[in-house]
Amino acid sequence: MELIVEGVCKEFDKRRVLDNISFSLSDGKILALVGPNGSGKSTLIKSITLIHEPTTGSITIDGDEVRKIDPIDLATKIGYVPQSFSYTLYSTVFETVLLGRRRYIKWSVSDEELSRVQQSLDALDIGLMAGHFMDQLSGGERQKVFIARALAQDPSLYLFDEPTSALDIRYQIEVMETMRQITWQQRTAMIIAVHDLNLAYRYADTVLVLSQGQMVGYGKPEDILTPECIREVYGVDSFKLENELGKFIIPYRVKETIK
Amino acid sequence: MDPYTNPDKPQKKFVHSLYREGSKKRITLLLFLLLLVIATAIISAGIGTVRISPWDTVLSVGHSIAAHLYNFLKSVTPGIIGWYQSVPVPVNPQAELIVIEFRLPRIFLAILTGVCLAMAGCVMQGLLRNPLVSPFTLGLSSAASFGAAFAIAIGPGFFGGLFLSFGDDVFIIIMAFLFGWLTMFLVYGIARLRGMNQSTLILAGVVIGYIFSAGVSALSYFTTNEKLRNLTVWLMGGMWGASWTAVLLLIPITILTFFLLVRMSWDLNALSAGDDVAKNLGINVHRLRLQGLMISTFAASCCLAFTGIIGFIGLMAPHICRMLIGNDHRYLIPSSALAGAAILLISDTVARTIMSPVEIPVGIIMYVIGGVFFIFLIVRARGKGLY
């Protein structure tokens, strides 16, 4: 899998929300999208899966321009987990995950598809909840179901729009570990929009920093996520912390504007 | 090796058994509803001012079919003889006339209307992901009634000879139907202009509904008394317009729209995950919505044209079924359709017999029967965490 994004711009009513974004991503890698609210992270993710078609620029997966791929086949290449999710009352966990197999289901559901659903649920350790109704779950469990649905799509690229935002710290780490493992083992790639800089620091291979629709940093987390960059983008002072467990970045106050 | 598809790990089959249990439950409900509709139809054909036993009802239908078949065969191969005389006739000599000419068209109309309105409501709820949507929330009912009122008030003469050959009824139907579609396009157009989200669509529907309601009131205010009476009959809704012509027109429409809508089942299921995810799953959300709304509007307004305004079913039948069997549209659409047929048929039977020979509007009975059942389901579902 090789994703190449080149010169992507997106305008809504003449207002430019993404300006000339270019990056590439190969399998086994995780790219973290970082930036303040409204910086264009969600729009970039939605542009890649054509929920919002980019105004200009090209996006290719393994050399194929995504706009030219049949939408139903694109579903097998890109698995998307939205920021705000929706489900219907009376639908169960496994039925929700089964939708990820839409591409392969004509009318009746084969045993193979059901096995695939079971595997996705087990991968996130929610197999025993298969029969629960969606509204019986906690926010974190629900988020895992949506991630399981993306797994069931069996894509080569995962796009996660703040997938861990509804999760408590244990779930956050669990989900990130699982996704790290899956991207390595299945040779898939993942783009994840995160607010938690330390998740980006710890799990991402590359970081792309967005600010007002522009790329202001792109590279290895330790090179990009510096106190200077965070000060510029978020207007927050922070410091780096390094010990035997790893490298951390700790934001602690809104930057002082009075010099 | 991928632990995620590891063949050494024993395969769990929990999902498989859940799926099978669910399917069994859904098929059971479908069969139950089908039997309920058939049984109600047979009983309903027997009750009224003249009572006819269920067996006589069956014999009447059988004999009538045999008679038609015999006449047809005789016209094709004149030499055919004999077997027709051995077809048993009903004990009550009047039975066949009453059942075939008077009661069956009405029963069929109730079934077809129930089917169309309920499946239209079901699909609309799925398309708009809102359990409160129905042909009526989208302004369709007011629009269709305005179309009909307009036709009644103006009369076909207004358009000269254009509709003369069709007669008054068909003119009313066509107008109801045109206004139904017009509204659908208008509502959809307005919602798309504002960026197509759930609330704008429903808001647009409600607003346009009000505008057409105002139109209906204005028409009934300005027309003469006699025409107004027609209008009141139309606005109250009922199976008074039943005839074999109507039934034979509605049967192919119902069957066709049913299959077209059921074909959308999986896309509707996927749409329950939200527009963005549905798009990611390869579904053309705009096209699905437009097609689905058009087909369901077509089904609903065809029936509205024959029955007048029947509310409630399009909203409640799908909701009741969703509570019983969940959200899989492959089963939800057919079971909603049958539930709608059962509710409307039972209500109409009660409405025409409870104070016989005086008929009361079917809506009164329907709201009571359906409403009580609906409250029962909500109360029952509470304990199970469905609500």
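**Reading an interface and its empty spaces**

Trainee: How many residue pairs are in polar contact between chain B and chain A?

Mentor: There are 14 such pairs between chain B and chain A, both residues being at pLDDT 80 or more; a polar contact is a pair of N or O atoms within 3.5 Å, where within protein one must be able to donate a hydrogen and the other to accept it, and residues adjacent in sequence count only if both atoms are side-chain atoms. This is a predicted model, in which local features need pLDDT of at least 70 and side-chain atom pairs count only at pLDDT 80 or more, while totals for chains, interfaces and linings use all residues. Residues are numbered from 1 along each chain as its sequence is written, chains are lettered from A and ligands numbered from 1 in the order in which they are written, and side-chain values use heavy atoms, with hydrogens and water left out.

Trainee: Which elements of chain B supply at least two residues of the side that touches chain A?

Mentor: They are α1 (14–46), α9 (265–271), α10 (275–280) and α12 (313–325) of chain B, helices here being DSSP runs of H or I with at least four residues, numbered from the N terminus. The largest share, 7 residues, comes from α1(B).

Trainee: How many salt bridges are counted between chain B and chain A?

Mentor: The count is 4, each requiring a side-chain nitrogen of Lys or Arg within 4 Å of a carboxyl oxygen of Asp or Glu. One of them joins Asp267(B) to Arg102(A), with the closest N and O atoms 2.8 Å apart.

Trainee: What area is buried between the two chains?

Mentor: The size of an interface is often given as the accessible area lost when the parts come together. Between chain B and chain A about 4,000 Å² is buried, and carbon and sulfur atoms give 59% of this area, which is taken with a 1.4 Å probe and summed over both parts.

Trainee: Where does the largest cavity lie, in terms of its lining?

Mentor: Rolling a probe the size of a water molecule over the atoms shows where empty space is left. On a 1 Å grid over the protein atoms alone, a cavity is a set of points where a 1.4 Å probe fits but cannot get out, and lining residues have an atom within 4 Å of a point. The largest cavity is lined by 18 residues, and Ser91(A), Glu95(A), Thr96(A), Leu99(A) and Asn269(B) lie nearest its centre. The elements giving two or more residues to this lining are α3 (93–98) and α5 (139–152) of chain A together with α9 of chain B, and the largest share, 3 residues, comes from α3(A).

Definitions and conventions. On a 1 Å grid over the protein atoms alone, a cavity is a set of points where a 1.4 Å probe fits but cannot get out, and a pocket is an open set with protein on both sides within 12 Å along at least five of seven lines; lining residues have an atom within 4 Å of a point.
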